[in-house]
Amino acid sequence: MTSNHQPTEQIAALISETGAPGDAPTERLDVQSLGPPKPLKQTLERLADLADDIVLVQFNDRAPQHLYPKLEDRGYEYESVETDDATVTVIWHR
């Protein structure tokens with residue numbers, strides 16, 4: 001269930017604040033309404049299904065502290081950006 005699409009203006013602006021490739025296709029994942037550990041699980045499952053060139057943009061209600069070491073272990077880079085509504089973590093493959 002992968003839909004590769006061009007980033008929306010909002011997502012493109014968020015990605016531009018990070019070191020992620022700005023011209024890559026993106027996938028949006030909103031886990032704001034889920035309690036732990038569901039955001040971690042859903043994010044890792046989605047990443048496993050995505051091609052290496054896709055940037056995953058995760059919207060969460062908090063910084064996913066437990067996700068960060070798992071991303072590093074799997075060869076991903078990431079940066080989190082705080083917005084008024086969410087913590088947005090941009091994840092891309094090295």
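**Group meeting: a four-stranded sheet and what sits on it**

Okay, let's start with the sheet: strand 3 and strand 4 run antiparallel and are joined by 7 bridges. Before I go on, keep in mind that this is a predicted model. The link between strand 3 and strand 4 is a hairpin, with 4 residues in it.

Now zoom out. The sheet is an open one with 4 strands, ordered 1-2-4-3, and its pairing is mixed. At the edges you'll find strand 1, residues 26-30, and strand 3, each of which pairs on one side only. From one strand to the next the twist averages 20 degrees.

Where does the mixed pairing come from? Strand 1 and strand 2, residues 55-60, run parallel, with 5 bridges joining them. In that pairing, E27 has L56 of strand 2 as its bridge partner. Strand 2 and strand 4, on the other hand, pair in the antiparallel sense, again over 5 bridges. There, F59 stands opposite V88 in strand 4.

While we're on F59, take a look at its ring. R28 lies over the face of F59, and the distance from the ring centre is 3.9 Å.

Next, the helices. Helix 1, residues 9-16, lies across strand 1, strand 2, strand 3 and strand 4, and its direction is about 100 degrees to strand 2. Helix 2, residues 38-49, also lies across strand 1, strand 2, strand 3 and strand 4, but this one runs at about 165 degrees to strand 2.

So how enclosed is strand 4? Of its 7 residues, 6 are buried, so strand 4 is largely enclosed by the rest of the structure. My pick from that strand is T89, which belongs to strand 4, residues 87-93. T89 is buried, and its relative accessible area is 0%.

What stands opposite T89? That's S80. The two side chains also make a polar contact, T89 to S80, at 2.7 Å. If you skip the neighbours within four places in sequence, the contacts of T89 include L56, V57, Q58 and P64, and also Y68 and Y78.

Those last two tyrosines bring me to the aromatics. How many aromatic pairs are there? The count comes to 1 aromatic pair. The ring centres of Y68 and Y78 are 4.5 Å apart and the planes are at 0 degrees, so this pair is stacked. It connects distant parts of the chain, with Y68 in helix 3, residues 67-73, and Y78 in strand 3, residues 76-82, the two being 10 residues apart.

Are the two partners buried or exposed? Y68 has 11% relative accessibility and counts as buried, because the cut-off for that is under 20%. Y78 comes out at 21%, so it counts as partly exposed. If you're setting up a filter on burial, note that these two fall under different labels: buried for Y68, partly exposed for Y78.

One last residue, Q65. Where is Q65? It's in the loop between strand 2 and helix 3. With 51% relative accessibility, Q65 counts as exposed. Q65 and V88 are 23 residues apart in sequence, and C-alpha to C-alpha they are 12 Å apart in space.

To wrap up: we have an open sheet in the order 1-2-4-3, a largely enclosed strand 4, and a stacked pair in Y68 and Y78. That's me done, thanks.

Technical notes. Residues are numbered from 1 along each chain as its sequence is written. This is a predicted model: local features need pLDDT of at least 70, side-chain atom pairs count only at pLDDT 80 or more; totals for chains, interfaces and linings use all residues. Side-chain values use heavy atoms; hydrogens and water are left out. Rings of Phe, Tyr and Trp (its six-membered ring) pair if their centres lie within 6.5 Å; planes under 30 degrees apart count as stacked, over 60 as edge-to-face and the rest as tilted. Buried means under 20% relative accessible area, exposed over 50%, partly exposed in between (1.4 Å probe, protein chains only). A charge sits over a ring if NZ of Lys or CZ of Arg is within 6 Å of the ring centre and within 35 degrees of the ring normal. A polar contact is a pair of N or O atoms within 3.5 Å; within protein, one must be able to donate a hydrogen and the other to accept it, and residues adjacent in sequence count only if both atoms are side-chain atoms. Contact means heavy atoms within 4.5 Å. Two strands pair if DSSP finds at least two bridges between them. Axes are lines fitted to C-alpha atoms, for helices over the stretch in contact, and angles run from 0 to 180 degrees between N-to-C directions.
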